[in-house]
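The exercises below ask you to read a protein–DNA model step by step, moving from a single loop residue to a sheet and then to the surfaces around the nucleic acid. Try each task with the structure in view before turning to its solution.

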There are 2 protein chains.
Amino acid sequence: MQQVANTQTMTDIFNDLRRIFQALNEQSKQAEKMTGLTGPQLWAIQTIARETSIQVSALAGKMFLHPATVVGILNRLEGRGLIVRNRTKRDRRVVEIELTEAGKAFVVSSPEVPQGKLASGLLSLSATEMDEVHRSLQCLVSILDAQDIKPAPIKAVLPKNNQRS
Amino acid sequence: MQQVANTQTMTDIFNDLRRIFQALNEQSKQAEKMTGLTGPQLWAIQTIARETSIQVSALAGKMFLHPATVVGILNRLEGRGLIVRNRTKRDRRVVEIELTEAGKAFVVSSPEVPQGKLASGLLSLSATEMDEVHRSLQCLVSILDAQDIKPAPIKAVLPKNNQRS
DNA sequence: TAATATTTATTTGTATACAAATTATTTGTG
DNA sequence: CACAAATAATTTGTATACAAATAAATATTA
């Protein structure tokens, strides 16, 4: 009984997370319509803005993203003239990223970027409710940060991909 | 003061959500290593398995995904011979999706798919803790489901994309 | 010093994910 | 019946996101 109840709640939790994920994705699209930049792009220039200068791997770290992902985002921001890349003389492997004047102006003109529905919804909660949400998410984060469990590989029989006609 | 505290908690919440999404994404990769299918692909065949037969738009609905996204996932599953598509005679616009024998065997051979770290972590929580998590996520979902707020467009000045060299 | 290993960023390839446009079909209206 | 509107799936184009391979530079070790 207990087991069944827990399993059901767990399924609900998975679905909740999916819904939240979809919704945040939508917000990114909405942000794009309003500002011309996607959520991750805005997040990136705001993170850069707080540092005056930062290297790619450090930026990836602050954004919890893979460097390869950040490179793509930087390409688009550079294409729009909002950032510049400079290889340092000290160590020619590292690339320092800086905002251009246009980039700085952009950050100022969309201050903190209204994160949309979620932000305003959260701010309307009482401090108690907000803390409960925070605590619950922290709980999930700590579960996910926990040591790898490495369940035994199941590896069902699976035909190779034949391509579609 | 209150405002500052709330804003800080809100930032924390955003970061928590990002961490959770990254971690779930990783789990999808891990699931792929174990079963040969990605998280969304597993999710899809399991959803199909519960219905014996389902059309594309209905599947998209159940998965909270855009039909275009589901088409891509179905192409890959079809390429592996796990599903088949059939246009119905009744209405030749609709496509019915079914599992092949291989697909059914696959679903059975990885029953419910161990969702990994998050699942086992959640199951180790007390019922009370788990309910708190559930309630909090529901709170976020209902915020995000709420009527569109449509904040005034900010539309900062933004140069066109010049392409990268 | 020469060979090896490591580090930093980028490229390549694959898989989501969505909007907008398209195709084929069906339904509704004049 | 014919033409318009609506519907279902797909295609096209763009943007994440990551792993694995690569390139270039630096550090380490023999």
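**Exercise 1: a glycine in a loop**

Setting aside the neighbours within four places in sequence, B:Gly81 is in contact with B:Thr100 and B:Ala102. In this predicted model, determine where B:Gly81 lies and whether B:Gly81 counts as buried, partly exposed or exposed.

*Solution.* Begin with the position in the chain: B:Gly81 belongs to the loop between α4 and β2 (83-87) of chain B. Next, take the distance to one of the contact partners, B:Thr100, which is 19 residues away in sequence, while the two C-alpha atoms are 7.0 Å apart in space. Finally, consider accessibility: buried requires under 20% and exposed over 50%, so B:Gly81, with a relative accessibility of 28%, counts as partly exposed.

**Exercise 2: the sheet of chain A**

Work out the strand order of the sheet in chain A, and state which helix packs on the sheet.

*Solution.* Start from the inventory, since chain A has seven helices and three strands, arranged along the sequence in the pattern α-α-β-α-α-β-β-α-α-α. The three strands form an open sheet in the order β1-β3-β2, with antiparallel pairing. The edge strands of chain A are β1 (54-55) and β2, each of which pairs on one side only. Looking at one pairing in detail, β2(A) and β3(A), the latter covering residues 95-99, are joined in the antiparallel sense over five bridges, and A:Arg87 has A:Val95 of β3(A) as its bridge partner. Helix α2 (residues 39-49) of chain A packs on this sheet and touches β1, β2 and β3 of chain A, its direction making about 95° with that of β3(A).

**Exercise 3: the surface near DNA strand C**

Identify which residues come nearest to DNA strand C, and describe how the protein addresses the phosphates and bases of this strand.

*Solution.* First, list the neighbours: 26 residues lie around DNA strand C, and those that come nearest are A:Ser57, B:Thr38, B:Gln41, B:His66 and B:Arg76. Of the atoms of DNA strand C that come within 4 Å of the protein, sugar and phosphate account for 76%. Among the polar contacts, a polar side-chain atom of B:Gln41 lies 2.6 Å from a phosphate oxygen, whereas A:Val95 uses a backbone N or O atom, 3.3 Å from a phosphate oxygen. A base oxygen of DNA strand C is 3.4 Å from a polar side-chain atom of B:Arg93. Then sort the surface by element and composition: α4(B) provides the largest share, four residues, and the surface divides into 11 nonpolar, seven polar and eight charged residues.

**Exercise 4: the surface near DNA strand D**

Carry out the corresponding analysis for DNA strand D, asking which element gives the most to the surface near this strand.

*Solution.* The surroundings of DNA strand D comprise 26 residues, the closest being A:Thr38, A:Gln41, A:His66, A:Arg76 and B:Ser57. Sugar and phosphate make up 77% of the atoms of this strand that come within 4 Å of the protein. A polar side-chain atom of B:Ser57 is 2.7 Å from a phosphate oxygen of DNA strand D, and a polar backbone atom of B:Val95 is 3.2 Å from a phosphate oxygen. On the base side, a polar side-chain atom of B:Arg93 lies 2.9 Å from a base oxygen of DNA strand D. The element that gives the most to this surface is α4(A), with four residues, and the composition is 10 nonpolar, seven polar and nine charged residues.

Conventions. Residues are numbered from 1 along each chain as its sequence is written. Chains are lettered from A and ligands numbered from 1 in the order in which they are written. This is a predicted model: local features need pLDDT of at least 70, side-chain atom pairs count only at pLDDT 80 or more; totals for chains, interfaces and linings use all residues. Side-chain values use heavy atoms; hydrogens and water are left out. A residue is near a molecule or strand if one of its heavy atoms lies within 4 Å of it. A polar contact is a pair of N or O atoms within 3.5 Å; within protein, one must be able to donate a hydrogen and the other to accept it, and residues adjacent in sequence count only if both atoms are side-chain atoms. Helices (H or I, at least four residues) and strands (E, at least two) are DSSP runs, numbered from the N terminus. Ala, Val, Leu, Ile, Met, Phe, Trp, Tyr, Cys and Pro count as nonpolar, Asp, Glu, Lys and Arg as charged, and the others, Gly among them, as polar. Two strands pair if DSSP finds at least two bridges between them. Contact means heavy atoms within 4.5 Å. Axes are lines fitted to C-alpha atoms, for helices over the stretch in contact, and angles run from 0 to 180 degrees between N-to-C directions. Buried means under 20% relative accessible area, exposed over 50%, partly exposed in between (1.4 Å probe, protein chains only).
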